[in-house]
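Reader: I have the sequence and a model open at the bench. Can you take me through the packing by question and answer?

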Amino acid sequence: MIFMRKAIFLLLLILCWFCYSCSTDFDINAEKKDITIVYGLLDQTQSVQYVKITKAFLGEGNAIEMAADPALSSYGNDLEVTITQISNGNEVNLFTLEKTTVSDKDSGMFYYPAQDVYKFTPGTPLAPADSFRLKIKNIYTGNVVTGATNLIHDFVIVKPSYNPDYPQLGFVSPTMAYNTLDAEWRSGKNGRIYEPWFRFHYKEVNLTTHDTTDKFVDWHLATVKSEKLTGGEPLITTYNSEDFYRNVAAKVPVDNNVVRLIGMIDFVISAGGDELSIYIDLNKPSSSIIQERPLYTNIGNGLGIFSSRYTKQLSYNLTSFSKDKLIHGEHTSQLGFQ
């Protein structure tokens, strides 16, 4: 999800702060200290939960080259990682996380495309009324790192309106005119930051090989924040429907050797917890002449973030007018949609 990509980038800023914002008498060759970096977002809409754990490092040489070396960032098999589920003050579940390797990470400062992460599969969805406590123990040094979070509760999407018997979404009127439209929802308990977007699905058929490939294009709207964490707060963002077609034209290349079959469109809202919202705000690039800002972490005896997110999705068919605009409209008529 987008929060994951953003926050992993922000994690790099924490490491930069650690390496470069210390006092002038800091000895880069001082005795090695174990600094654990954590990034985890629990989401009860997902069947598998992941936590990224790495370590800060010091050494002689180029920091970029060291970051690309997994041996310097990874703990290997040194960690014992658990998450305790707490309901009404009682510990009701203990999940032991398994180290695994993901192989689809984007290029960046750290080693890629394969990275170590820790995962667990709850079996049943995590209960939104419960809290969750993270514990990371280094079995060789005895060092313990902790974190805790609540979950975000479900919320209601008001617009685009949704009829489960006939889910349709229109970006143009019957006269083929574009519109200024609203996306509207009610906040969920414990949710602070909300990122809405549309995901347009289509199939691409190669006219030579007849191979069919499922593809999609994302169109992100403005991020919205709630003023309170109790839930039920009306939230809204406005968008111009012509931008949907501009976005498709910008991301789908002209290719005369394919035809493209119009599919469903999803409206998705990814909600993030209060800690994640603070973390993102404090690590945004600054336009001020004052570049140094306070470091935020909710990790005990470490750095990083352990928070929550909640993903809500509704799927629609495009109206016949909206499809016709994709096929014949001024922005997308060269893309071979059918």
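Reader: Is M176 buried, partly exposed or exposed?

Author: This is a predicted model. M176 has a relative accessibility of 22%. Buried would need under 20%, and exposed over 50%. M176 therefore counts as partly exposed.

Reader: Where is M176 placed, and what is its phi?

Author: M176 sits in the loop between β10 and β11. Most residues other than glycine have a negative phi. M176 is not a glycine, yet its phi is positive, near 70°.

Reader: Which loop holds N301, and what is the phi of N301?

Author: N301 belongs to the loop between α5 (274-282) and β17. N301 is not a glycine either, and its phi is positive. The value is about 65°.

Reader: Which peptide bond does P160 share with K159, cis or trans?

Author: P160 is in the loop between β9 (157-159) and β10 (168-169). Most peptide bonds are trans. Omega between K159 and P160 is about 0°. That bond is cis.

Reader: Is Y239 buried or exposed?

Author: Y239 lies in strand β15. The relative accessible area of Y239 is 7%. The limit for buried is under 20%, so Y239 is buried.

Reader: What does Y239 touch, leaving out residues up to four places away in sequence?

Author: One contact is P160, the residue on the cis bond with K159. Y239 also touches T180, L181, D182 and A183. The rest of the list is F171, N179, F198, W219 and L221.

Reader: What separates the C-alpha atoms of Y239 and N179?

Author: Y239 and N179 are in contact. Along the chain they are 60 residues apart. Their C-alpha atoms are separated by 8.5 Å.

Reader: Which residues touch the most other members of the largest nonpolar core?

Author: This core has 34 residues. F171 is among those that touch the most other members, and its contacts beyond four places in sequence include F198, F244 and I265. The full set is F171, W185, F198, F200, F244, I265 and L326.

Reader: Which element gives the largest share of this core?

Author: Elements that give two or more residues are β11 (180-186), β12, β13, β15, α4, β16 and β17 (303-318). The largest share is 5 residues. That share comes from β16.

Reader: How many residues are in the other core, the one with I53 and F306?

Author: This core lies apart from the core of 34 residues. Its members include I53, V81, I299 and F306. The count is 20 residues.

Reader: Which residues of α4 are buried, and what do they pack against?

Author: The buried residues of α4 are E242, F244, Y245, N247 and V248. They pack against four strands, β12 (191-206), β13 (212-220), β15 (234-240) and β16 (258-273). They also pack against a helix, α6.

Reader: How does α4 lie to α6, roughly parallel or oblique?

Author: Helix α4 (residues 242-251) and helix α6 (residues 320-328) have axes 11 Å apart. The angle is about 40°. Roughly parallel would need under 35 degrees, so α4 is oblique to α6.

Reader: Which residues make the contact of α4 with α6?

Author: The residues divide into 4 nonpolar, 1 polar and 1 charged. From α6 come S322, K325 and L326. From α4 come F244, Y245 and V248.

Conventions
Residues numbered from 1 in each chain as written. Predicted model: local features only at pLDDT ≥ 70, side-chain atom pairs only at ≥ 80, totals over all residues. Heavy atoms only, no water. Axes fitted to C-alpha atoms, helices over the stretch in contact; angles between N-to-C directions. Parallel < 35°, antiparallel > 145°, perpendicular 65-115°, else oblique. Contact = heavy atoms within 4.5 Å. Nonpolar A, V, L, I, M, F, W, Y, C, P; charged D, E, K, R; others polar. Buried < 20%, exposed > 50% of the residue type's maximum accessible area, 1.4 Å probe, protein only. Core = buried A, V, L, I, M, F, W, Y, C linked by side-chain atoms within 4.5 Å.
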